[in-house]
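Let's take a walk through this model together. Have the structure open and follow along.

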Amino acid sequence: MAVIDTSTLLAPEPVIRPREASRRERWQRRLPLLPALIYIVIVTQIPFLVTLWYSFQNYFFDVPGGAHWAGLSNYKSVFTSAAFRSALWHSVIMTVTAVIVAMILGVAFALLLDRKFIGRGVVRTLIITPFLVMPAAAALVWAGPMLDPNFGLLNYLLQPFGVHHVAWLSTHALGSVIVVMIWQWTPFMMLIVLAGLQSQPADVLEAAKVDGAGALATFRELTFPFLRPYIELGILLGSIYLVNVFDQVRLMTNGGPGTATTNLPFYLYQQVNFAFDVGGAAAAGVVTVILTIIVATLALRMFARVFQFEEASS
């Protein structure tokens, strides 16, 4: 007697698709976001359009007659200006050095604070404190009580090593500004890395310990690959913020000596407040915004990578 396979006779299961939202429902969902969107457009896009318009104008505060159309001459002056290239180079040096050193210190502090010890909460609070200080206040504290050539705390601490009355803001101006940037942004890097450390699966570390792996091998083979997305995220976010540093340069060195610490934000400040060149400053600002958008795009891509990493590990 033949056996009939009835599985092929069964009707296929119907595919249930979610109902698409109507146009009215979509607008109802977007409506609560419209005030925030309008506010963002007013405070960001309209000023940028005005800046873009001024970048094509020949406009000086101290010259009567108002603005006149100049075409691309302002952009030509920006790209051929040695002062702009110098400011761009200083911004790159300051940002890259501060971000890399702050991340290295942040990883070291995060590894230490991930361990349990008495007073860990107090130590965490003390290390995070520099990030909570206003940049202008931090610059004034470092410029006066810390780096003063006659009464500064740093010279006092280095006096037993033969260091006497060093004018740090004159002889080592760029390094002094970078040190303050590192001091203020190391806690930010530490927080990101510490969050990654505390989300690392404990059973994997226990298995490595049982297999006889040492602390250095465990960090190199397990912890560092796990922390890589967090480290990359901290580097990119730190770069976006540190490329716009102004307070430390303005209050500690005023861009000097000469132009030794003049970065892009301070260069724009000088163009408007000292050269009265609104058109040239607007063109330089547009170029700076484009460079910042490029970095921000990389940061957004890194956000996507972090989210994908979280989903894969969950």
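How many residues apart are F266 and Y269 in helix α13, and what does that separation come to in helical turns? Keep in mind that you're looking at a predicted model. The two sit three residues apart in α13, which spans residues 264-273, so about one helical turn lies between them.

Now look at the rings themselves. The centres of F266 and Y269 are 5.5 Å apart and the planes meet at 35°, so this pair counts as tilted; edge-to-face would take an angle over 60 degrees, and stacked one under 30. The surroundings of the two rings are worth a glance too. F266 has 0% relative accessibility and therefore counts as buried, while Y269, at 22%, is partly exposed.

That pair has company: the model holds 16 aromatic pairs by the ring-centre rule. Another one of them joins W53 and Y54, with 5.0 Å from centre to centre and 70° between the planes, an edge-to-face arrangement. Here W53 is partly exposed at 45% relative accessibility, and Y54 is partly exposed as well, at 24%. For a group rather than a pair, turn to F131, W185, F188 and Y241, which form one aromatic cluster.

Finally, swing over to helix α3, residues 73-80. Its buried residues are N74, Y75 and V78. Viewed down the helix axis, these buried residues fall within an arc of 95°, so they line one face of α3. Go round to the other side of α3 and you'll find K76 and T80, both exposed.

Note on methods:
Residues numbered from 1 in each chain as written. Predicted model: local features only at pLDDT ≥ 70, side-chain atom pairs only at ≥ 80, totals over all residues. Heavy atoms only, no water. Buried < 20%, exposed > 50% of the residue type's maximum accessible area, 1.4 Å probe, protein only. Helix = DSSP H or I, 4+ residues; strand = E, 2+ residues; numbered from the N terminus. Arc of directions from axis to C-beta. Phe/Tyr/Trp six-rings, centres within 6.5 Å; stacked < 30°, edge-to-face > 60°.
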